[in-house]
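These are my notebook entries on a structure I consulted. I record what I looked up, item by item.

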Amino acid sequence: MTVTRNDDGRSAGRSPGADPRVTAALAARYAAPAGDRYWDGLEQSIMQRLAVAATGVVRELRPSWWSGFAELRGRDWRAVASVAATIALVAAGAAFVRGQAASAKARELAARAAVETAMPLPIDGTTLTGGRRHLPADAPERYLNPLDP
Amino acid sequence: MGPERVLSPEQLEERELVLAAQAGDSTAFAGLVRRHQRRAYAVARAIVLSHDDAEDAVQEGFLHAFRALERFRPEQAFGAWLHRIVANAALDIARRRKVRDADELPETLSSPHKDPAESDELRARLSRALDTLGERQRAVIVLHDVEGYKHAEIGALLGIPEGTARSDLHHARAHLRRQLSNLRSES
C-alpha cells in the first residue's frame, strides 16, 4: 500500500519550531493510503453502512403490534384490564363446568365398574344350557300366571 | 442582517450537495463523502493508533453525520462540522482501546528519506518516542505539524482549550526532540 500526504493547501510540515525530519517521519507514519481504488472502496463501504442504517430507521418507524401499548393512558388501561378480567372469569367458569361434567362421568363409570365386579356375568355356556334343561314343564304357564298354585 | 458571505464555486457546489443530501439524495451525500473522506481519515489517524481504527472512525463519523444531517445548518462549513464528528468518533475508539498494542509502522509505507539506514533508525526511534508520548499530545503534534491545523482548530477537534493545544504541542515537540537528540545523522 502506498501512502500520500493529505495536503490540501494547509501549511503542513512548515510550522515554526517543528523539526522537519521528525515532521517528515510523522507524515510517513500517519499518511493516508494513496490510490483511488482505496478511497472508492471506503466510499462504497460508507454508503453501504448508510443504506443499512437507513433500512434500520424505516424498520424502527414501522408500527409493531405492541407499539399501541405505549399510547394507552390510565383510563384506557382500566378498560383493558376490565375486559381481560371478564374474559378470565368466563374462561374459569367454562373450565369449572367442564370439570364437573368430567367428574360426574367418572363417578358413573366407577359405579358401573363396581357393580360389574360384584356380579360377574354368567359366561359359562354349560351353566346356561343346564339351567334350561331342568325347567318344569309348566314353566310358561307359571310365568303367565305366577299367583296360581 | 449581516452581509452575505461570498462563497467560492467549490463552496457553492458543496452547499448544493448538502442541501440535496438533506432532502434525501444519497448520491449527493456520496459526493460529500468523496470530498471529505481523505481529510476525515487524516483527522482520525492523528487520534487513533492504527489504520484500521482510523478507517472505523471515518465510517462511524460519516454515519453520525448522516443521522444528524437535518440539524446541520448549510451556512456552516460542512468540513469543520464533519471533522469534529469524526474526531469524536476517533476519540471514542481511542478510549475503548485501553491496551495500547504495538503501533509498528507497516513495511509497505514509503518514506521521504533518502538514506534507508537513517530512515530506519529514525522510524524506530520515533516509534518508541511516540509510544511514550501521551495520546492527546501525539494527536496535537500530528494535527499541527503534519496536517497543518491551527491551535484553535485542534482545540475544537479534540474538545480542549486552545491554550491546552498550544501547551501540548510544545511538550510533545520537546519530548520528541529529547528522544531523538542523538541520532546518528546528527553526530
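Entry 1. I looked up Gly17(A) to decide whether it is buried or exposed. In this predicted model, Gly17(A) has a relative accessible area of 52%. The cut-off for exposed is over 50%, so I recorded Gly17(A) as exposed. I then located Gly17(A) in the loop of chain A that runs between strand E1 (3-4) and helix H1 (20-30). Leaving aside residues up to four places away in sequence, I found that Gly17(A) touches Arg173(B) and Arg177(B).

Entry 2. I turned to two helices of chain B, H7 (residues 151-158) and H8 (residues 162-179). Their axes come within 8 Å and cross at roughly 105 degrees. Angles of 65 to 115 degrees count as roughly perpendicular, so I noted H7(B) as roughly perpendicular to H8(B). On the side of H7(B), I listed His151(B), Ala152(B), Ile154(B) and Gly155(B) as making the contact. H8(B) contributes Glu162(B), Ala165(B), Arg166(B) and Leu169(B). By class, I entered 4 nonpolar, 2 polar and 2 charged residues for this contact of H7(B) with H8(B).

Entry 3. I next checked for enclosed space. Rolling a probe the size of a water molecule over the atoms shows where empty space is left. I obtained 3 cavities of 30 Å³ or more. For the largest cavity I noted a volume of about 50 Å³. I recorded its lining as Ile47(B), Val48(B), Leu49(B), Asp53(B), Ala94(B), Arg97(B), Glu135(B) and Arg138(B). I classed the lining of the largest cavity as 4 nonpolar and 4 charged residues, with no polar ones.

Conventions:
Residues are numbered from 1 along each chain as its sequence is written. Chains are lettered from A and ligands numbered from 1 in the order in which they are written. This is a predicted model: local features need pLDDT of at least 70, side-chain atom pairs count only at pLDDT 80 or more; totals for chains, interfaces and linings use all residues. Side-chain values use heavy atoms; hydrogens and water are left out. Axes are lines fitted to C-alpha atoms, for helices over the stretch in contact, and angles run from 0 to 180 degrees between N-to-C directions. Helices (H or I, at least four residues) and strands (E, at least two) are DSSP runs, numbered from the N terminus. Angles under 35 degrees count as roughly parallel, over 145 as roughly antiparallel, 65 to 115 as roughly perpendicular and the rest as oblique. Contact means heavy atoms within 4.5 Å. Ala, Val, Leu, Ile, Met, Phe, Trp, Tyr, Cys and Pro count as nonpolar, Asp, Glu, Lys and Arg as charged, and the others, Gly among them, as polar. On a 1 Å grid over the protein atoms alone, a cavity is a set of points where a 1.4 Å probe fits but cannot get out, and a pocket is an open set with protein on both sides within 12 Å along at least five of seven lines; lining residues have an atom within 4 Å of a point. Grid points are joined across faces, edges and corners, and a volume is the space filled by probe spheres set on the points. Buried means under 20% relative accessible area, exposed over 50%, partly exposed in between (1.4 Å probe, protein chains only).
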